[in-house]
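Biologist: Please take a close look at one part of this model, and then follow the connections outwards from there in one continuous account.

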Amino acid sequence: MHHGHPSSAVIAGVLRAIVSRPATAAASPPCALRQPILPPVVSPCRRSYASLAAHATFQPSATPCAPAASSKTVKNKLNRPIGKPIGEMTRKPAVERAKTPATPPPCHQPAPKEPTTSRQRHNKAFWDNELEKSRRHWVYKKEMKQQRRNYRKRIYYATAKGQVGKATQLLREMEALGRAVPAACYTRVIGCFVDRGDMATARKWVQRMKKHGVAMDVHVYTCLVDGYMRVGDLNKAEGTFRQMIDKGIQPSVVTFNVLMRHAAKKMDIDTAINFFTKLQAAGLQPDLYSYAILIHALGKAHMVDEAWRLFERMKAEGVDPNAHIITTLIGIHTAHRDTSYALQLFDQFCVKGTVPITQHTLNVVLNALVAHSSKDALHAYYDQFQAHAARTPAIAPTITSDPTSTFSIDELYRRTLPSAYTYTTFMRAFLRHSDYAMVAKVYDDMRQKRIQPTVATFSTLMLAHAFVPNPRACENILIQLKDRGMAPNVVMYTIVMRAWGKARQWTDVQRVYQDMKHAGIEPNKTTLQVLRWAKEKKLD
């Protein structure tokens, strides 16, 4: 027996015998052990694709299954697995090719080659520079967007606090960024100058706004109309409104509210109602402030029935009343000496209803309680108020409606904080009873509590001196008011004229009237009546 290595001819004969042997299902090895049959050994120079394809087949199996995970797939020179049928090696349809990712997984991607030539290095440096410029551009845009948002917030808070200088400085810095400034920022700054009555500066900012390419919107036009009506320049207000209409800008509800409010201040009820009608004709829905302005105007014009009809119409439109409207209705009935119904409204809507109780509402209710009370009851009310004022904390408690509570006078005093309004309310009540000594005492109590008097407080004190009459004291209060930086109004000048007229000093009446005219204050209907009364009294 030959124990050496078999020759190549022997190996080739064994392989041919294996290939030519018929396959049977029983002779089929297990799936995990099945291996592809290798083609006969042929010289590489005589090997062809046809012979390779003829022998690259698997032995048939009754139960086809995938090869074991541990087995390695043998591939030929065409990078195809040996043993796969030729029919399965056809090209995939176009739909399946589209689903196949065009690039291999990242783990199999070759590492990028480093540039070797100068041209490759130049191209790489060029595209790296372009990518860096693009990154910096987007970072800059993001920073600018955040910076504009921060500027807008800072301008809003500055104007809300009345810091006009800071707001204008921020707006100039925002313009220096070279980006578009929102029209809302200009509107806030223009509105500050409108509130001050400085329409010349407001108009300059409008021109600056146009210079920077920012178009005027309805909010800017509304600010200008409001400002011109505040200073009494009705021609410019009307011209600005017409300019807005000519440019095709639709007035907003706020625009009509501004027009209604100024008409109501002038006691021009017909014009206010006309603006309310035009608001609805323009296809706009009146808001809560529209109803509040018109109800207040109807109440001042003593048109109580019309005010209540408008209130019922507001509720039918689905607009719920707020504390301001309920307070207005309470004030209307208080002015008509219907104190019981005014307190009933407070109990119905605020105490047992859902309308929140505000400090302004409490002040109006206090006025309804003491306005038409007797002198003895008024003294008792004031003593009780002073007793609670001595125990009032520095910070007001939170005021909320409690439908289950019973709102008594003691509760009213407990919740009402001492203020210039409350003390002025008691001063007016004592003035109605001609108790001038108590008017002065209430004023002194207010000053001892370090509460600053308002224009209404000074007017009430001057009116008490005018009834005495003590015209010198009235004029001294007017001078003191100017020293405090508070601008006297037409009511104060009329009170001083009344005091001199009651003292039969016609020359001083004329002097005060000329001072009022030099101050740029136009007389109203009451001023002309006092002037005529003082002249008749002088002739008597």
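Modeller: Ser290 is buried, because its relative accessible area is 0%, where buried means under 20% relative accessible area, exposed over 50% and partly exposed in between, with a 1.4 Å probe and protein chains only. The model is a predicted one, in which local features need pLDDT of at least 70 and side-chain atom pairs count only at pLDDT 80 or more, whereas totals for chains, interfaces and linings use all residues. Residues are numbered from 1 along each chain as its sequence is written, and side-chain values use heavy atoms, with hydrogens and water left out.

Ser290 belongs to helix α12, residues 288-300; helices (H or I, at least four residues) and strands (E, at least two) are DSSP runs numbered from the N terminus. Apart from neighbours within four places in sequence, Ser290 has contacts (heavy atoms within 4.5 Å) with Val253, Asn257, Met260, Phe276 and Leu279.

Phe276 leads on to the aromatic pairs, of which the structure holds 10. Rings of Phe, Tyr and Trp (its six-membered ring) pair if their centres lie within 6.5 Å, and planes under 30 degrees apart count as stacked, over 60 as edge-to-face and the rest as tilted. The ring centres of Phe276 and Tyr291 are 5.7 Å apart and the planes stand at 65°, so this pair is edge-to-face. Because Phe276 lies in helix α11 (residues 269-281) and Tyr291 in helix α12, the pair ties together parts that are 15 residues apart in sequence. Phe276 and Tyr291 are both buried.

An edge-to-face arrangement is also found for Tyr382 and Phe430, because their ring centres lie 6.1 Å apart with the planes at 85°. Tyr382 sits in helix α17 (residues 375-390) and Phe430 in helix α19 (residues 420-432), so the pair ties together parts 48 residues apart in sequence. Tyr382 and Phe430 are buried, and they belong to one aromatic cluster formed by Tyr382, Phe385, Tyr423, Phe426 and Phe430.

Helix α19 can be followed further from there. The end C-alpha atoms of α19 are 18 Å apart, which agrees with the 18 Å that its 13 residues should span at 1.5 Å a residue, the expected span being 1.5 Å times one less than the number of residues. Since 10 of the 13 residues of α19 are buried, this helix is largely enclosed by the rest of the structure; among those buried are Tyr423, Phe426 and Phe430. After α19 comes Ser434, in the loop between α19 and α20 (436-448), and its phi is near 60°, a positive value in a residue other than glycine. At 44% relative accessibility, Ser434 counts as partly exposed.

Helix α8 (residues 218-230) offers a further case, with 13 residues and a reach of 18 Å from its first C-alpha to its last, close to the 18 Å expected at 1.5 Å a residue. In α8, 11 of the 13 residues are buried, so this helix is largely enclosed by the rest of the structure. The cover over the buried residues of α8 includes α6 (183-196), α7 (199-211), α9 (234-246) and α10 (253-265), and just after α8, Gly232 takes a positive phi of about 80°.

A last backbone feature is the cis peptide bond from Val468 to Pro469, with omega near 0°; Pro469 is placed in the loop between α21 (455-467) and α22 (471-483).
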